[in-house]
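This report concerns a predicted model. It treats a pair of packed helices and then two residues with unusual backbone angles.

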Amino acid sequence: MTEYTFKSNFTTKIDFRQAKTPRTNNLTIVYLHGLYSDCWGRKPESIANWCQEQGFNFFRYELAGHGSDSPRYEEVDFNIWKEQLLEVLDKIVKTDVVLMGSSLGGWLSLIGAINRPKQVKGVIGLAAAPDFTLDLEKYIFTPEQTKTLYEVGRLEFPMKDFTYVFTKKMFETAKENRLLDKPLPITCPVHLIQGQKDANILPDKALKIAQCLTSDEVVIKLLKDGNHRLGTDVDIAEILNTLESLLSRLLK
């Protein structure tokens with residue numbers, strides 16, 4: 001891995017494993033992690049190893065404000081994450097890509113497919129969470145919490161074993177990038193993997209995404225025992241099966 005400074009002046013770690021096989025080196029699998037997560041855990045590592053074994057390019061990177069850049073988390077907004085992804089596609093990877101996004105990364109993957117339709121050949125959403133900020137405001141936050149978020153500019157939101165920090169600018173810029181209130185002009189294959197025991201994203205989120213997509217090639221996999229992390233042996237096996245299936249389709 002190495003450090004890379006983006007145009008937004010955020011510096012994070014990246015890992016670009018380039019294949020040496022002529023058949024596959026014009027296609028890169030790009031992994032995007034979730035909020036308060038990272039791209040170095042068991043799930044992305046399993047995907048990276050599979051790509052290396054199969055001879056596919058693999059790219060992963062830390063979202064601004066995460067991992068090595070976590071001290072700057074409250075400086076980040078959604079548009080910075082969006083522009084970071086587009087810079088990865090335009091300036092670093094450059095090849096055709098399959099975007100694999102977990103939670104927030106799934107939201108960004110869909111945005112990447114909309115903004116770079118010729119380059120993005122497929123999307124795999126892992127508990128993809130487009131518009132999760134809207135869900136929080138509508139269904140989770142109390143009126144007092146919403147007031148704190150917008151008047152103070154930040155909200156500490158305690159969960160069972162972790163406290164999230166949300167910022168006003170994150171929510172305002174996320175609003176600019178909402179997806180599920182309109183048809184999504186994505187025509188490439190999209191595979192959505194969702195755990196039925198996910199306490200963060202309900203299974204009907206995957207159905208809502210599918211309804212909005214214009215693509216005719218949409219597959220939804222519901223994993224009965226899967227949670228939001230999708231990190232068990234069974235979960236990872238299904239993720240790799242999905243990746244193999246999609247790549248086989250693309251390389252016909």
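Helix H2, spanning residues 78-93, and helix H3, spanning residues 104-115, have axes that come within 10 Å and cross at roughly 55°. Angles of 65 to 115 degrees would count as roughly perpendicular and angles under 35 degrees as roughly parallel; H2 is therefore oblique to H3. The crossing of these two helices is right-handed.

On the H2 side, the contact is made by Phe78, Trp81, Lys82, Leu85 and Leu86. H3 contributes Leu104, Trp107, Leu108, Ile111, Gly112 and Asn115. Sorted by class, the contact of H2 with H3 comprises 8 nonpolar, 2 polar and 1 charged residues.

The backbone is considered next. Most residues other than glycine have a negative phi. Asn9 has a positive phi although it is a residue other than glycine, and Leu230 likewise has a positive phi in a residue other than glycine. The table gives the values and places.

| Residue | Phi | Place |
|---|---|---|
| Asn9 | near 75° | loop between strand E1 (2-5) and strand E2 (11-17) |
| Leu230 | near 50° | loop between strand E10 (218-223) and helix H8 (233-250) |

Is Leu230, in its loop between E10 and H8, buried or exposed? Its relative accessibility is 0%, so Leu230 counts as buried. Leu230 thus joins a positive phi with a buried position in the model.

Key: Residues numbered from 1 in each chain as written. Predicted model: local features only at pLDDT ≥ 70, side-chain atom pairs only at ≥ 80, totals over all residues. Heavy atoms only, no water. Axes fitted to C-alpha atoms, helices over the stretch in contact; angles between N-to-C directions. Helix = DSSP H or I, 4+ residues; strand = E, 2+ residues; numbered from the N terminus. Parallel < 35°, antiparallel > 145°, perpendicular 65-115°, else oblique. Left-handed = near helix turned anticlockwise from the far one by under 90°. Contact = heavy atoms within 4.5 Å. Nonpolar A, V, L, I, M, F, W, Y, C, P; charged D, E, K, R; others polar. Buried < 20%, exposed > 50% of the residue type's maximum accessible area, 1.4 Å probe, protein only.
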